[in-house]
Amino acid sequence: MRKYLRLGLLLLPLLMLWGCPPSQSAKKMPPLFIITNALDTGKEPSFLVTKDFDLDKNLDLVVLNSGDHTFSYFRGNGDGSFKDPVVFKTGADPICITVADFNTDGFPDLAELNYRDQSVQIFLNTGHGGFKSMGEVLHPGKIPINLVAGDFNEDGIPDLAVSLRYHKVAILIGKGAGYFNDPVTVPMRGQPTGLVIDDYNGDQHTDVAVALAGSGNVGVQILWGKGDGQFEPSQLFRGGGQPLTIVNIDANGDGWTDLVTSSNSLHAMTTVMNNGDGTFKSLRDFAAGEFPKFVAASDFDGDGNVDLVVSNATQDTISVTLGRGDGTFVYPPVNHYVDEYPQGIAVGDFNKDNLMDIAVSCRDKNLLLILTKKNLQRASLPTAS
């Protein structure tokens, strides 16, 4: 495992531009994070997740290595460093991974999606610092893009939803012990890409929010969960020009889960506000970076408002965009230079200092970078302009 430090300090207190309209002349803020660790991965690391997989109260990391058909499992030490990775073989061209306790033994497991194989594999947590493939290969449908886990029929066993390129989402109901029923597809009004889950209408059932891109209809569609594994597709909501990734966020603090999508072809992000009545309203697109890929949400500056971080693949940066708490975000974003072609993003307190850190996979250098933030006293916000 290779580690290196890049020295850097925040030189000025963090100042937010409160209520001022975005403009190209807006004052740039210094970086909020510094790179404190670099981990060697497999070839072409991409999708990334974090969880305390071994239940030692330290966050761990799992990154897919698309180029050599593996994933690397890094066990956290709790101080921002990680043990040498354990590498596991996947199917051909792994592109997405999700976490759930599929055999209900108390340890988080993995469901891993392979693009070229058009398959899903289940890796059960051994409880001893590793994973074991179930050996069973699931086939959700033609050209799978993304997957997410949730208990859609409320039986206490995690299920899966998989987006399929040709206007469908496949639902695989879990049978327990890591096994699943055959997929049942739900038609969509466009080409599904990213997926997230939550209860978006407050009926106590899990719903699935689906980003739609490609040719035809684009935007966001909700699969309203009925609590029995069945779904009812919503109308199409505007949600960006070509949304490929999607993240949950309460952007205005009203208790309803909103959405943010990113469009790498348009270099933009879009907030999709939940009206609380089964409808959503799209706000004006805002700048991210060049070719934004993956997005994560957290409160990075400690002001109580949820912020965003996005990987900008062709710019070799990640951008932190600070939330104002009203559904809008501060411009310009705070750019942080990383290594070549950043992809997956994961957020968590890796060094246990009660501040949120960021992990990003850099595809072209086969690296996983850890960026941490120091606890500096925040200055008073300027008055609205």
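# Working through pockets, a sheet and two cores

The lining of the largest pocket splits into 20 nonpolar residues, seven polar ones and one charged one. Keep in mind that this is a predicted model.

**Exercise 1. Find out how much space the largest pocket holds and which strands line it.**

Start with the volume: it comes to about 820 Å³. Next, look at the lining, which has 28 residues; Phe47, Leu48, Val49, Ile97 and Val196 lie nearest the centre. Now go to the strands. At least two lining residues each come from S2 (45-51), S6 (94-100), S10, S16 (191-198), S20 (245-249), S25 (292-298) and S29 (342-348). Of the strands, S2 gives the most, with five residues.

**Exercise 2. Do the same for the second largest pocket, and work out which strand gives the largest share of its lining.**

The volume here is about 680 Å³. Its lining has 28 residues, and those nearest the centre are Ile95, Ile145, Leu244, Lys293 and Phe294. Strands S2, S6, S10, S16 and S25 each supply at least two lining residues. The largest share is from S16, with four residues. Finally, sort the lining by character: 13 nonpolar, ten polar and five charged.

**Exercise 3. Lay out the open sheet that contains S11, and explain why S10 and S15 each have one side without a neighbour.**

First, put the four strands in order: S10-S11-S12-S15, with antiparallel pairing. S10 and S15 (184-187) sit at the edges with a single partner strand each, so one side of each has no neighbour in the sheet. On average, neighbouring strands here are turned by 25 degrees against each other, ignoring direction.

Then zoom in on the pairs. S10 (residues 144-150) meets S11 over six bridges, and Ala149 stands opposite Leu160 of S11. On to S12 (residues 168-172), which pairs with S11 over five bridges. Leu160 stands opposite Leu172 there, while Ala161 faces Ile171. The hairpin of S11 and S12 has three residues between the strands, and His167 in this hairpin takes a positive phi near 65 degrees.

**Exercise 4. Decide whether the residues of S11 are buried or exposed.**

Count along the strand, residues 159-164: six of its six residues are buried. Now split them by face. Asp159, Ala161 and Ser163 are on one side, Leu160, Val162 and Leu164 are on the other, and all are buried.

**Exercise 5. Identify the residues with the most contacts inside the largest nonpolar core.**

This core has 53 residues, and Ile122 and Leu160 have the most contacts inside it. Strand S8 (residues 119-125) contributes the largest share, four residues. There's also a second, separate core of 14 residues, including Ile173, Val208, Val210 and Leu223. As a bit of background, nonpolar side chains tend to be buried together in soluble globular proteins.

**Exercise 6. Say how many cavities of 30 Å³ or more there are, and describe the second largest.**

There are two such cavities. The second largest has about 40 Å³ of space. Among its lining residues are Gly239, Pro243, Thr261, Met269 and Asp285. Strands S21 (258-263) and S22 (268-274) are the elements giving two or more residues to that lining. By character, the lining has four nonpolar residues, seven polar and one charged.

**Exercise 7. Locate Thr70 and decide whether it is buried or exposed.**

Look in strand S4 (residues 70-74) for Thr70. Its relative accessible area is 8%. Buried means under 20%, so Thr70 counts as buried. Thr70 and Pro45 are 25 residues apart in sequence, and their C-alpha atoms are 9.3 Å apart in space.

Key: Residues numbered from 1 in each chain as written. Predicted model: local features only at pLDDT ≥ 70, side-chain atom pairs only at ≥ 80, totals over all residues. Heavy atoms only, no water. Core = buried A, V, L, I, M, F, W, Y, C linked by side-chain atoms within 4.5 Å. Buried < 20%, exposed > 50% of the residue type's maximum accessible area, 1.4 Å probe, protein only. Pairing = 2+ DSSP bridges. 1 Å grid on protein atoms, 1.4 Å probe; cavity = no way out; pocket = protein on both sides within 12 Å on 5 of 7 lines; lining within 4 Å. Points joined across faces, edges and corners; volume = space filled by probe spheres on them. Nonpolar A, V, L, I, M, F, W, Y, C, P; charged D, E, K, R; others polar. Axes fitted to C-alpha atoms, helices over the stretch in contact; angles between N-to-C directions.
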